[in-house]
Amino acid sequence: MSQPGPDSSPDPDDRPWDDVSRFPTFVDHLENEGAFSVREIIANLDVEIPVDGIVYHDRGIRVPGYDATFVHEPSRGRPAFSLEVDTVGPRNAWAVFDAQLGWDLYLLRTEGVSALAWVSDEEYKTEEATHFQTKHDALAAGRFSFGVFCYSGSDWDERVARIEGTDAPAYLKRDDGTPVIPQNPSEFYDYIGSSATELRQTGGGAPPHLGILELEVTIN
């Protein structure tokens, strides 16, 4: 994948991400390559970002894993791509996205934390365009539904311990950033108001403009 180039949009004075850059032609590159992982993307950057593990962010759901892989999905009946998480323990997590919605992939960095986030034109237009002039500005303010956060050292150890201390498929984050730690699958699905089957078939009840077609978050 090509190096991301800096977006020339003006920077808001107050933002949670100090450095925001965009990878060009994300979906086209994925279609040509077939697949690439988060660790591969990070390893090919000019900046050094330590990664012992990742956490997949799907709105309020958080799934820790050792890596995550973007995959071109040519046999879905429509242009699509997926993200598959190499999860911690006997968990399963993947999501399928509608590739027709004009996606951009961004690298986000701030003190001690880095992330990759992918945002569609439709999400930006529907949810953020009245508040932010550009996608860049929305991303800088932390406004995105899907991302992979990169962790290392004690920060990663803490997230492994958090998920290994439960029999739940994932943990969750409230809007104020505090974690919710279900202890088993029943508690997890009760909290999000969906069964595993409903989650998979509806993409977690996401509205169409988010572009998520399927979402699997389970534990064996």
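The exercises below, each with a worked solution, concern a predicted model of a protein chain.

**Exercise 1. Strand β7 and its partners**

Task: Determine with which strands β7 pairs, and in which sense.

Solution. Begin with β7 itself, which spans residues 91-98 and is mostly covered, since six of its eight residues are buried. Next, look at strand β6 (residues 80-87), which pairs with β7 in the antiparallel sense over five bridges. Within this pairing, Ser-82 stands opposite Val-96 of β7. The hairpin that β6 and β7 form has three residues between the strands, and there Gly-89 takes a positive phi near 75°. Finally, turn to β13, with which β7 pairs in the antiparallel sense over seven bridges. In a regular strand, side chains alternate between the two faces of the sheet.

**Exercise 2. A valine in β13**

Task: Decide whether Val-217 is buried or exposed, and find which residue of β7 is its bridge partner.

Solution. The first step is to place Val-217 in strand β13, which covers residues 212-219. The second step is to read its relative accessibility, which is 2%; because buried means under 20%, Val-217 counts as buried. The third step is to find the bridge partner of Val-217, which is Ala-93. Although Val-217 and Ala-93 are 124 residues apart along the chain, their C-alpha atoms are separated by 4.6 Å. The last step is to list the surroundings: leaving aside neighbours within four places in sequence, Val-217 is in contact with residues including Ile-61, Val-63, Pro-169, Phe-188 and Leu-199.

**Exercise 3. Two aspartates**

Task: Describe the surroundings of Asp-98 and of Asp-58, and state what their side chains reach.

Solution. Start with Asp-98, which has its place in strand β7 and counts as buried at 9% relative accessibility. The side chain of Asp-98 reaches the backbone nitrogen of Gln-100 at 3.0 Å. Not counting residues up to four places away in sequence, Asp-98 touches Arg-78, Pro-79, Trp-103, Gly-211 and Leu-213.

Continue with Asp-58, which is found in strand β4 and, at 1% relative accessibility, counts as buried. The side chain of Asp-58 makes a polar contact of 2.7 Å with the side chain of Tyr-56, and a polar contact of 2.9 Å joins the side chains of Asp-58 and Arg-59. Not counting residues up to four places away in sequence, Asp-58 touches Ala-95, Ser-145, Phe-146, Ile-212 and Leu-215.

Then consider Arg-59, which is found in the loop between β4 and β5 and counts as partly exposed at 25% relative accessibility. Although Arg-59 is not a glycine, it has a positive phi of about 55°.

**Exercise 4. The faces of helix α5**

Task: Work out where the buried residues of α5 fall around its axis, and which strands they pack against.

Solution. First establish the extent of α5: the helix has twelve residues, 153-164, and reaches 17 Å from its first C-alpha to its last, close to the 16 Å expected at 1.5 Å a residue. Then collect its buried residues, which are Trp-156, Arg-159, Val-160, Arg-162 and Ile-163. Seen down the axis of α5, these buried residues fall within an arc of 160°, so they line one face of the helix. An α-helix has 3.6 residues a turn, so residues three or four places apart point the same way. On the other side of α5, Ser-154, Asp-157 and Glu-164 are exposed. To finish, note that the buried residues of α5 pack against β4, β5, β7, β10 (146-151), β11 (171-173) and β12 (179-180).

**Exercise 5. The nonpolar cores**

Task: Find which residues of the largest nonpolar core touch the most other members, and which strand gives the most to this core.

Solution. The largest nonpolar core has 45 residues, of which Tyr-56, Phe-70, Phe-81, Phe-97 and Trp-118 touch the most other members. Strand β5 (residues 61-73) gives the most to this core, with four residues. Apart from this core lies another, of 18 residues, among them Phe-144, Phe-149, Tyr-151 and Ile-163. As a closer look at one member of the largest core, take Phe-81: leaving aside neighbours within four places in sequence, its contacts include Phe-26, Leu-30, Phe-70, Phe-97, Trp-103 and Trp-118.

Note on methods:
Residues are numbered from 1 along each chain as its sequence is written. This is a predicted model: local features need pLDDT of at least 70, side-chain atom pairs count only at pLDDT 80 or more; totals for chains, interfaces and linings use all residues. Side-chain values use heavy atoms; hydrogens and water are left out. A nonpolar core is a set of buried Ala, Val, Leu, Ile, Met, Phe, Trp, Tyr and Cys residues joined through side-chain atoms within 4.5 Å. Buried means under 20% relative accessible area, exposed over 50%, partly exposed in between (1.4 Å probe, protein chains only). Helices (H or I, at least four residues) and strands (E, at least two) are DSSP runs, numbered from the N terminus. Contact means heavy atoms within 4.5 Å. Two strands pair if DSSP finds at least two bridges between them. A polar contact is a pair of N or O atoms within 3.5 Å; within protein, one must be able to donate a hydrogen and the other to accept it, and residues adjacent in sequence count only if both atoms are side-chain atoms. The expected span of a helix is 1.5 Å times one less than its number of residues. The arc is that of the directions from the helix axis to the C-beta atoms.
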